[in-house]
Amino acid sequence: SADRKWTTSTGDIQVSVQYADQHQGQLASRLRVESRIPCSGHLTLQGMAGETKAHRDEAGCMSVELFDVAPGQTYRLTVQLADGAKSPLVFSIQVDA
């Protein structure tokens with residue numbers, strides 16, 4: 001797992017990424033991203049197997065998950081705050097075995 005924090009003009013964005021593979025008793029490997037945002041906004045997690053989105057109408061926590069993720073692949077996390085910022089924050093997540 002990895003935890004990061006970014007400071008924006010609206011406030012801090014906290015992101016926690018967790019990867020669980022099939023060998024840990026899971027039905028499928030998964031990539032879970034939890035985020036705390038300073039205002040309303042959207043999270044989008046994209047990969048080869050698909051995409052998942054979450055929306056929040058106020059500051060707080062939300063999460064997105066992708067299943068059947070593969071080590072060695074790169075996944076894209078987009079954080080769009082509804083604070084008037086025109087450009088979303090875009091992060092690459094590399095899953096290591």
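## A guided tour of an all-strand predicted model

Select E34 and S63 to begin: E34 stands opposite S63, which lies in β6. The coordinates shown belong to a predicted model.

**The pairing around β3.** Extend the selection to the two strands that hold this pair. Strand β3 (residues 30–37) and strand β6 (residues 60–67) are paired in the antiparallel sense, with eight bridges between them. Next, add strand β2 (residues 12–20), which also runs antiparallel to β3 and is joined to it by seven bridges. To locate this second pairing, pick Q14, which stands opposite R36 in β3.

**The two faces of β3.** Keep β3 selected and display its side chains. Which residues of this strand point to the buried face? They are L31, V33, S35 and I37, whereas R30, R32, E34 and R36 point to the other face and are not buried. In a regular strand, side chains alternate between the two faces of the sheet. E34, the starting point of the tour, thus belongs to the set that is not buried.

**The four-stranded sheet.** Now select β4, β5, β7 and β8. These four strands form an open sheet, ordered β5-β4-β7-β8, with antiparallel pairing. Why do β5 and β8 each have one side without a neighbour in the sheet? Strands β5 (50–56) and β8 (89–94) stand at the edges and have a single partner strand each, so one side of each remains without a neighbour there. From one strand to the next, the twist averages 15 degrees.

**Inside the sheet: β4 and β7.** Restrict the view to strand β4 (residues 41–47) and strand β7 (residues 74–81), which pair in the antiparallel sense over six bridges. Within this pairing, select T44; its bridge partner in β7 is T78.

**T78.** Centre the view on T78, located in strand β7. Is this residue buried or exposed? Its relative accessible area is 13%, under the 20% cut-off, and T78 is therefore buried. Show the residues around T78, leaving aside neighbours within four places in sequence: the contacts are H42, L43, T44, P88, L89 and V90. Among these, T44 is the bridge partner already selected.

**A82.** Move along the chain to A82, which is found in the loop between β7 and β8. A82 has a relative accessible area of 54%, above the cut-off of 50%, and is therefore exposed. Which residues does A82 contact, apart from neighbours within four places in sequence? They are C39, S40 and G41. Draw a distance between the C-alpha atoms of A82 and S40: the separation is 5.4 Å, although the two residues are 42 residues apart along the chain.

**The whole chain.** Finally, clear the selection and show the full protein chain. How many helices and strands are there? The chain has zero helices and eight strands, and the pattern read along the sequence is β-β-β-β-β-β-β-β. Along the principal axes, the C-alpha atoms fill a box of roughly 40 × 20 × 20 Å. The radius of gyration is 14 Å, which agrees with the value near 13 Å for a compact globule of 97 residues.

Colouring by accessibility shows the buried residues, which make up 34% of the 97 residues. The chain exposes about 5,900 Å², of which carbon and sulfur atoms supply 45%. Of the contacts with a separation of 6 or more, 42% are between residues 24 or more positions apart.

Conventions: Residues numbered from 1 in each chain as written. Predicted model: local features only at pLDDT ≥ 70, side-chain atom pairs only at ≥ 80, totals over all residues. Heavy atoms only, no water. Pairing = 2+ DSSP bridges. Axes fitted to C-alpha atoms, helices over the stretch in contact; angles between N-to-C directions. Buried < 20%, exposed > 50% of the residue type's maximum accessible area, 1.4 Å probe, protein only. Contact = heavy atoms within 4.5 Å. Rg over C-alpha atoms; globule rule 2.2 N^0.38 Å. Areas by Shrake-Rupley, 256 points an atom, 1.4 Å probe, with all protein chains shown as cover.
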